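Biologist: Could you walk me through this one? I'd like to pick it apart question by question.

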Amino acid sequence: MLMVRACRYALVVSVETLLVMLFALPRLRSCNALKALALRALGARVGRRPVFYPGVWIVPGRSLTVGDDVDFALGVLVTTAGGVEIGDRVLIGYRTQILSTNHVIPPLPDKVFSSGHVGRRVTIGADVWIGANCIVLPGVVIGTGAIVAAGSVVTKDVPADAIVGGNPARLIRMRT
């Protein structure tokens, strides 16, 4: 049993190391094709012409659907274990985090460290612009055509064509 755990751990670390090296490559078309291929090998569905700037981190890859012409800017982090669906023509700004899992908050006297995780699907519609340094929390739906202002923390669903911002993100106005 110990040997199985050690082999599994070594495999996970090896895959992570390869992904870090791969996603450090520039956003050249050929490099983006390799990055998309790696995500597909991990179980993701990736559309045509994705753009991955260097430093993007998408893990574990499964339960991810990415539409056509999606742009992941420098330093974007996406956790996919809870499920993430991203529509066509989505811009995801620098250092944005899209989180589909979170820790379970255990009742006392149980410890947080060993309480496990819970996943909730994140859905981002088509033609969405998520500004830099945003955080999208598990279970959120961002409607088609919405804009999320830089630095926002999205804790609740965002209607289609809405412009939201702040912490927590609130409606600023509707697009006209």
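**A walk through the strands and the core**

Modeller: Sure, and let's begin with a side-chain pair: T65 and R45 make a polar contact through their side chains, at 3.1 Å. Keep in mind that this is a predicted model.

Biologist: Which strand is T65 found in, and which residues is T65 in contact with, leaving aside neighbours within four places in sequence?

Modeller: T65 belongs to strand 4. R45 turns up again among the contacts of T65, as you'd expect from that polar pair. With sequence neighbours within four places set aside, the full list for T65 is R45, V84, E85 and I86.

Biologist: Which strand is joined to strand 4 by three bridges, and which residue there stands opposite V66?

Modeller: Strand 4 has three bridges to strand 7, and the two run parallel. Within strand 7, the residue standing opposite V66 is I86.

Biologist: In what order do the strands of that open sheet come, and why is one side of strand 1 and of strand 15 left without a neighbour?

Modeller: Five strands make up this open sheet, in the order 1-4-7-12-15, with parallel pairing. Strand 1 (45-46) and strand 15 (141-142) stand at the edges, so one side of each lacks a neighbour in the sheet because each has a single partner strand.

Biologist: How many residues does the largest nonpolar core have, and which have the most contacts inside it?

Modeller: The core has 37 residues, and the ones with the most contacts inside it are F72, I124 and I142. At least two core residues each come from helix 1 (2-22), helix 2 (29-41), strand 4 (64-66), strand 7 (84-86), strand 12 (122-124) and strand 18 (162-165). The element that gives the most is helix 2, with three residues.

Biologist: What does F72 touch, not counting residues up to four places away in sequence?

Modeller: With those residues not counted, F72 touches V51, F52, Y53, V56, I58, V66, V78, I86 and I92. Two of these you've met already, since V66 and I86 stand opposite each other. In the general picture, nonpolar side chains in soluble globular proteins tend to be buried together. Here, the residue with that list of contacts is F72.

Biologist: Is T79 buried or exposed, and what stands opposite T79 in strand 9?

Modeller: T79 lies in strand 6 (residues 77-79) and counts as buried because its relative accessibility is 16%, with the cut-off being under 20%. Strand 6 pairs with strand 9 (residues 97-99) in the parallel sense over three bridges. Opposite T79 in strand 9 stands L99.

Biologist: Which strands stand at the edges of the open sheet ordered 3-6-9-14-17?

Modeller: That open sheet also has its five strands paired in parallel. Each edge strand has a single partner, so one side of each is left without a neighbour in the sheet; the edge strands are strand 3 (57-59) and strand 17 (153-154).

Biologist: Which residues cover the two faces of strand 18, and which residue in its hairpin with strand 19 takes a positive phi?

Modeller: Both faces of strand 18 are covered, with A162 and V164 buried on one side and I163 and G165 buried on the other. Strand 18 runs parallel to strand 16 (residues 147-148), joined by two bridges, and antiparallel to strand 19 (residues 170-174), joined by four. The hairpin of strand 18 and strand 19 has four residues between the strands, and the one with a positive phi near 105° is G166.

Terms used:
Residues are numbered from 1 along each chain as its sequence is written. This is a predicted model: local features need pLDDT of at least 70, side-chain atom pairs count only at pLDDT 80 or more; totals for chains, interfaces and linings use all residues. Side-chain values use heavy atoms; hydrogens and water are left out. A nonpolar core is a set of buried Ala, Val, Leu, Ile, Met, Phe, Trp, Tyr and Cys residues joined through side-chain atoms within 4.5 Å. Buried means under 20% relative accessible area, exposed over 50%, partly exposed in between (1.4 Å probe, protein chains only). Contact means heavy atoms within 4.5 Å. Two strands pair if DSSP finds at least two bridges between them. A polar contact is a pair of N or O atoms within 3.5 Å; within protein, one must be able to donate a hydrogen and the other to accept it, and residues adjacent in sequence count only if both atoms are side-chain atoms.
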